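Thanks for making the time this morning. I would like to walk you through a structure that most of you have not seen before, so please look at it on the screen while I talk.

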Amino acid sequence: MDAWHGCAMFGMSGFFGGTIAIAAVGFGRWRSTEPKVWRRAFWLEFCCLTGLLSPLLMVGTIGIIGSWASVSGPNSDTVVGWWQAAFAIDVVLCMITIVYHMPRNLRIRAGEDMSEMQIIKIRDEWVFAHIPRVILCGLSAICAFIAVSKGLE
């Protein structure tokens with residue numbers, strides 16, 4: 001295993017763990033917190049989590065690209081396919097975040113005049129829409145793991 005593989009595995013495994021933590025917090029504490037209290041606290045928590053998870057995704061994606069570019073050996077077609085799958089999943093993750101979650105996050109931040117029912121609705125939508133991201137993160141980490149193991153055969 002080389003440095004690219006290490007970056008890919010460290011970044012994507014860490015990012016996957018972080019998305020699981022967000023899901024646990026979302027389903028646990030967030031959904032049991034009073035809506036207006038949750039809305040006020042959301043932005044700070046979001047910024048902290050983004051500051052932690054974004055570098056992990058970046059390191060993982062750079063590791064995936066570096067690993068993909070440096071593939072050689074008897075199983076190179078198979079290995080490249082797994083790295084391409086991991087990269088494609090990362091692109092989808094970024095698109096989901098940019099298209100869906102970021103606008104929601106900004107709406108929550110700006111929602112001083114939101115009613116409790118509106119806050120509950122947007123909070124629950126956010127939490128449940130996070131589930132595909134958790135699954136995709138896991139799939140990306142699995143693809144990277146398979147690519148590394150196939151490359152070592």
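Let me start with Phe 42, which, if we leave out residues up to four places away in sequence, touches Trp 30, Asn 105, Ile 108 and Trp 126. Please keep in mind throughout that this is a predicted model. Phe 42 is also one of the residues with the most contacts inside the largest nonpolar core, together with Phe 15, Trp 83 and Trp 126. That core has 31 residues, and helix 1, helix 2, helix 3, helix 4 and helix 5 each supply at least two of them.

From the core I would like to move to the largest pocket, which has a volume of about 400 Å³. Of the 21 residues that line it, the closest to its centre are Phe 15, Thr 50, Ser 54, Thr 97 and Arg 133, and you will recognise Phe 15 from the list of residues with the most contacts inside the core. Two or more lining residues come from each of helix 1 (3–32), helix 2 (35–69), helix 3 (76–110) and helix 5 (131–152), and the largest share, 7 residues, is given by helix 2. Sorted by class, the lining is made up of 13 nonpolar, 7 polar and 1 charged residues.

Helix 5 deserves a closer look. With 22 residues at 1.5 Å a residue, helix 5 should span 32 Å, and because its end C-alpha atoms are 32 Å apart, the two values agree. Its buried residues include Arg 133, which we met at the pocket, as well as Leu 136, Cys 137, Cys 143 and Val 148. What covers the buried residues of helix 5 includes helix 1, helix 2, helix 3 and helix 4 (116–129).

Now two individual residues, beginning with Arg 123, which is found in helix 4. Is Arg 123 buried or exposed? Its relative accessibility is 4%, and since buried means under 20%, Arg 123 counts as buried. Again leaving out residues up to four places away in sequence, Arg 123 touches Trp 30, Arg 31, Thr 33, Pro 35 and Trp 38, so that Trp 30 appears here as well as among the contacts of Phe 42.

The other residue is Pro 103, in helix 3, which has a relative accessible area of 40% and is therefore partly exposed. With the sequence neighbours up to four places away set aside, Pro 103 touches Thr 97 and Ile 98, and Thr 97 is one of the residues closest to the centre of the largest pocket.

Methods
Residues are numbered from 1 along each chain as its sequence is written. This is a predicted model: local features need pLDDT of at least 70, side-chain atom pairs count only at pLDDT 80 or more; totals for chains, interfaces and linings use all residues. Side-chain values use heavy atoms; hydrogens and water are left out. On a 1 Å grid over the protein atoms alone, a cavity is a set of points where a 1.4 Å probe fits but cannot get out, and a pocket is an open set with protein on both sides within 12 Å along at least five of seven lines; lining residues have an atom within 4 Å of a point. Grid points are joined across faces, edges and corners, and a volume is the space filled by probe spheres set on the points. Helices (H or I, at least four residues) and strands (E, at least two) are DSSP runs, numbered from the N terminus. Ala, Val, Leu, Ile, Met, Phe, Trp, Tyr, Cys and Pro count as nonpolar, Asp, Glu, Lys and Arg as charged, and the others, Gly among them, as polar. The expected span of a helix is 1.5 Å times one less than its number of residues. Buried means under 20% relative accessible area, exposed over 50%, partly exposed in between (1.4 Å probe, protein chains only). Contact means heavy atoms within 4.5 Å. A nonpolar core is a set of buried Ala, Val, Leu, Ile, Met, Phe, Trp, Tyr and Cys residues joined through side-chain atoms within 4.5 Å.
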